[in-house]
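Colleague: Could you take me through the inside of this protein, starting with any enclosed empty space? I'd like a close look at what surrounds it.

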Amino acid sequence: MTQRYQPITRLGLGGTGLGDMYHKTSEEAAQATVDAAWDAGIRYVDTAPHYGAGLSEHRFGQALRRRPRNEYTLSSKVGRILVPSETPEIADPFVGGLPFRRVTDYTADGARRSIEDSLQRMALSHIDIVYVHDLSPDRFSQAEYEHYYAIAAGRGGAFEGLVRLREEGVIKGWGLGVNTVDPCLRALRDSDPDIFLLAGRYTLMETTPLEELFPLCEERGAKVVLGGPFNSGFLAGGPNYDYGPADEDKIARRERLRQVAARHGVDLPAAALQFGLAHPVVAATIPGASSVAHLQRNAALMDIVIPPAFWEELKAEGLLAAEAPLPNGKPALQGAA
C-alpha cells in the first residue's frame, strides 16, 4: 500500500480536551493549547464531530485557520451527522458542546455530508485523514454493531464512499477510529484502509493488537495512530480507565508498574507515552490536552531518556508481552512517520 497522506509527527494533539471532555475548557485555553502544540513542533491534530458536538472542530478551526494549511496534517471522523438543536446534546464523557444533536450515519452519503459539515465548522480547505468513528462493539450491542458494520462495509457504505473520496483527492487517507481491535481487522479484510486510530488498546495496560492486528497492518502496509496512551488519564494518575472509573485489577496493575518505574527512576507517564512508538506500524501517539501545561508536559515526556533495564524488567515481571518491541533508550524525538 502506498502512503497517500503526508508524514505525521510522532506526537500529535488529540481533540477530546478541546471538546470539553470531563471538564469545560475556555476559548482562550483552547487557542493557547493549539498554539503551544505548534510551538512544540506538533504538526498532526485529530478531532471529530462527536467531541463536544462540533466544539472541538470549531476550536481547531479557529486556532489553525491562520497557519499554512500545507504544514500540518488534520484528521477528523465520520459516522455521526450533527443536526441543529435548541440546546446542546451533552453526551458522556463530554460536559459541554455546541447546539447540535448527533445522528448515527455510516453510509457513503453520510460520510460525504459529514466531511462537508466539518469543513464548514473549521473553515478549512480540506481534511487529510478521515476515520470512521466508533464503529465498534463497545458503543453498540452486538446486534447493532453487526447492523452498522454491514452498512459501512456494504455497497453504498462509508468504506466505499471514503475510497471514492480518496480517489477523487477530497481526502488523502482513511481508516477507522475505534477503541477495539475487531473492527480494524474486519476493515483490513473487507476494504482498503490506510491508517487506524486505535484508542487505549496498545498501552502499558494492554497489548492486544500484537496478536493479529499489527501483523496484518504490516502485511497490508497500514499504519496505526495510538489514541489514549494514558488510558483516559489512568497511567498519568487519574481515576478513570477507558472513560469510566478504574476497577481494582487495573489499579493493582498500575501500582506494579509504578513500583518498577520507581526502582529505575522512571516517570511512568513518560514510559506510557513512549512505549507504543517502538512498534514499526505505529505512526504517532496523540494524547489529549486542554491546557498549555498539559501540552507542554506531554512534549517534555517525549524527550525523557528511559533506561532499557526498565523495559526489560517489565517483561521479566510479566507486565509486558514478550514480543512487544521496546524503545531504544533514546528520546522519542519529533520525527515523522
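Modeller: Sure, and one bit of vocabulary before we start: Ala, Val, Leu, Ile, Met, Phe, Trp, Tyr, Cys and Pro count as nonpolar here, Asp, Glu, Lys and Arg as charged, and the others, Gly among them, as polar. Keep in mind that this is a predicted model. Rolling a probe the size of a water molecule over the atoms shows where empty space is left. Here that turns up one cavity of 30 Å³ or more, and its volume is about 40 Å³. Around it you'll find L13, V34, A37, W38, I42, R43, Y44, V45, L64 and Y72. Helix α1 (27–39) and strand β2 (44–46) are the elements that each give two or more residues to that lining, with α1 giving the most, three residues. By character, the lining splits into nine nonpolar residues, no polar ones and one charged.

Now for the packed parts. The largest nonpolar core has 87 residues, and V132, L162 and L204 touch the most other members. Helix α9 (residues 268–275) gives the most to this core, with six residues. Take L204: leaving out residues up to four places away in sequence, its contacts include L268, A271, A272 and F275, as well as W311 and L314. There's also a second, separate core of 10 residues, with Y131, V225, A283 and A284 among them.

Last stop is helix α6 (residues 182–190), where P183, C184, L185, A187 and L188 are buried. Those buried residues pack against helices α4 (142–153), α5 (158–168) and α7 (213–220), and against strands β7 (173–178) and β8 (195–199).

Technical notes:
Residues numbered from 1 in each chain as written. Predicted model: local features only at pLDDT ≥ 70, side-chain atom pairs only at ≥ 80, totals over all residues. Heavy atoms only, no water. 1 Å grid on protein atoms, 1.4 Å probe; cavity = no way out; pocket = protein on both sides within 12 Å on 5 of 7 lines; lining within 4 Å. Points joined across faces, edges and corners; volume = space filled by probe spheres on them. Helix = DSSP H or I, 4+ residues; strand = E, 2+ residues; numbered from the N terminus. Buried < 20%, exposed > 50% of the residue type's maximum accessible area, 1.4 Å probe, protein only. Contact = heavy atoms within 4.5 Å. Core = buried A, V, L, I, M, F, W, Y, C linked by side-chain atoms within 4.5 Å.
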